[in-house]
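Me: I should like a close look at a single part of this structure, namely one small sheet and the loop within it. Please set that part in the context of the whole chain.

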Amino acid sequence: DAFLHAWRGYERHAWGSDELQPISRVGRNSFGGLGLTILDSLSTLWLMGLDREFEKGVKFVKDDLDFDNADSDVSVFELTIRGLGGLLGAHTLSNKKILLERAQELGNRLLPAFQTPSRIPWPTVNLARGTSKKSTQPVILSEAGSLQVEFRSLTARTGDTRFQKAADKAFQAVQSVGIRGILPVFLSPPGMRKVQAVASKFAFGALADSYYEYLLKQWLQQPSDKNFKELFLEVMDSLPTIIRPSPSSVKDAEQRGTVVHYKLIEVLSDGSVDWKMDHLSCFTPGLIALGLMEVPQHDLVKKDRNATWWRLAEGITASCFELWASTSTGLAPEFSKVSSKAPHKFVEAGSDGRHSFLRPETAESLFYLYRLTGDEKYRHWGSKLFQAILDHAKVPHGFSSVRDVKAIPTSKMDEMQTFVMAETFKYLFLLFSPAAAFDMNHFFLNTEGHPLKRHEL
């Protein structure tokens with residue numbers, strides 16, 4: 001019902017626009033005017049069994065999706081994970097040929113962005129003109145390293161090798177920096193042939209997150225390429241360097257059965273700590289849980305990974321739920337400050353971090369933790385998240401971002417992010433659905449929650 005409330009508001013007031021502004025009841029085009037909410041919602045519609053709405057979305061893709069209208073500079077990363085991922089995800093589930101045809105057309109229009117000296121794409125592309133503006137800004141790690149599963153899937157389904165080659169070259173360019181484990185969040189601009197790390201923070205949240213996610217997921221897509229799995233294991237082995245309290249310092253408490261509320265902090269280029277945790281980093285326990293389900297036992301028994309990973313997944317999830325539950329609205333802030341003193345509890349977020357876009361990462365991790373353990377507490381926590389969204393973000397024509405999660409009644413922002421429908425409601429739906437509703441033996445989800453095929457390459 002909540003998803004349909006959002007869908008109906010979009011359908012009534014913003015159909016064909018990228019996003020609904022649910023308070024002023026008009027559409028907004030942040031991504032070139034491609035009806036991105038539709039592309040991003042298709043796989044959710046299918047999984048929820050909303051056949052009539054799904055068919056209406058497919059009809060839009062067939063008859064009205066016009067890339068020639070997108071005559072503006074739009075993020076290559078967002079078009080890939082939301083647009084290309086959305087079309088491919090809906091094709092994964094429905095096998096409708098038109099979805100793959102339009103995905104291939106979008107892929108073709110994204111390819112010019114990859115023509116750079118470094119092979120890392122320019123940050124934006126104009127789909128109508130097939131051009132990209134040159135940028136001298138540093139490359140964002142998550143943007144360079146989170147295009148791969150979509151482009152590789154497009155090659156697997158069409159036989160056109162250009163897509164995988166472009167994405168693989170971008171990935172190899174990132175690897176050419178020569179740093180193993182956790183990388184700085186910025187690399188040299190795409191126009192520099194030799195890719196170098198730029199002195200910047202080490203983090204698992206904003207600017208970095210999905211790069212690490214796609215190491216594991218590229219391996220699920222192509223299990224024969226063990227390099228992806230090895231890179232993921234190296235990241236996991238170095239993850240404790242950005243976790244507080246340090247996992248090695250609290251083993252006694254854990255042996256007594258206490259769940260330690262681990263925080264993912266940020267380490268600056270000079271080695272000092274920025275005591276804050278992004279809600280974006282709350283995808284991490286879900287990723288660890290997926291690793292525990294998929295990485296072979298002979299890898300997990302080394303370096304005590306099995307036990308360490310489980311403790312981190314459980315403890316970070318507890319902190320992420322606390323981000324939500326500790327505010328007066330029950331909505332999580334964009335980030336929270338963390339005390340520098342053990343046990344490193346959350347402290348008041350500054351005014352710049354107190355908004356909520358209704359992000360999906362905690363719901364995502366609750367879904368994976370429930371699939372791993374069957375522990376009902378994760379469903380209980382998910383119901384609390386869902387109730388907070390209904391109580392404090394619902395408006396007559398959709399759901400709104402919230403300005404301050406500590407203030408009741410909430411001040412609403414006139415926007416509904418497409419990931420609310422692509423991910424937040426999807427993960428909550430799957431959390432409460434039987435395992436058969438989404439078969440993790442055959443599929444995995446891209447960073448926008450769209451199903452792609454395992455073993456596709």
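Reply: The account below begins with the sheet and its loop, and then turns to the chain around them.

The model is a predicted one. The sheet in view is open and consists of three strands in the order S11-S12-S13, with antiparallel pairing. Strand S11 (276–278) and strand S13 (346–347) occupy the edges; each has a single partner strand, so one side of each lacks a neighbour in the sheet. Strands of a sheet pair through backbone hydrogen bonds, in either a parallel or an antiparallel manner. Strand S12, residues 335–338, runs antiparallel to S13 and is joined to it by two bridges. Lys-337 has Val-347 of S13 as its bridge partner.

The loop between S12 and S13 contains Pro-343. The peptide bond leading from Ala-342 into Pro-343 is cis, with omega near 5°. Most peptide bonds are trans, and most residues other than glycine have a negative phi. A further cis peptide bond runs from Ile-408 to Pro-409, with omega near 0°; Pro-409 belongs to the loop between strand S15 (398–399) and helix H17 (418–431).

A side-chain arrangement also involves this part: Lys-276 lies over the face of Phe-335, 4.8 Å from the ring centre. A comparable arrangement involves Lys-56, whose charged end sits over the ring of Trp-15 at 4.6 Å from its centre.

Positive phi values can be noted as well. Leu-207, in the loop between strand S6 (186–187) and helix H9 (209–221), has phi near 80°. With a relative accessibility of 27%, Leu-207 counts as partly exposed. His-455, in the segment after strand S17 (451–453), has a positive phi of about 55°.

As for the interior, the largest nonpolar core comprises 146 residues, and Tyr-212 and Leu-239 have the most contacts inside it. Beyond its neighbours within four places in sequence, Leu-239 is in contact with residues including Ile-182, Phe-204, Leu-264 and Leu-312. Phe-204 and Tyr-212 also belong to one aromatic cluster, together with Phe-171, Tyr-211, Phe-228 and Phe-283. The whole structure holds 20 aromatic pairs.

The protein chain as a whole has 17 helices and 17 strands. Its radius of gyration is 21 Å, close to the 23 Å that the globule rule gives for 457 residues, so the chain is as compact as a globular protein of that length. Buried residues account for 61% of the 457 residues. Of the contacts between residues at least 6 apart in sequence, 68% join residues at least 24 apart.

Notes:
Residues numbered from 1 in each chain as written. Predicted model: local features only at pLDDT ≥ 70, side-chain atom pairs only at ≥ 80, totals over all residues. Heavy atoms only, no water. Core = buried A, V, L, I, M, F, W, Y, C linked by side-chain atoms within 4.5 Å. Buried < 20%, exposed > 50% of the residue type's maximum accessible area, 1.4 Å probe, protein only. Contact = heavy atoms within 4.5 Å. Phe/Tyr/Trp six-rings, centres within 6.5 Å; stacked < 30°, edge-to-face > 60°. Lys NZ or Arg CZ within 6 Å of the ring centre and 35° of its normal. Pairing = 2+ DSSP bridges. Helix = DSSP H or I, 4+ residues; strand = E, 2+ residues; numbered from the N terminus. Rg over C-alpha atoms; globule rule 2.2 N^0.38 Å.
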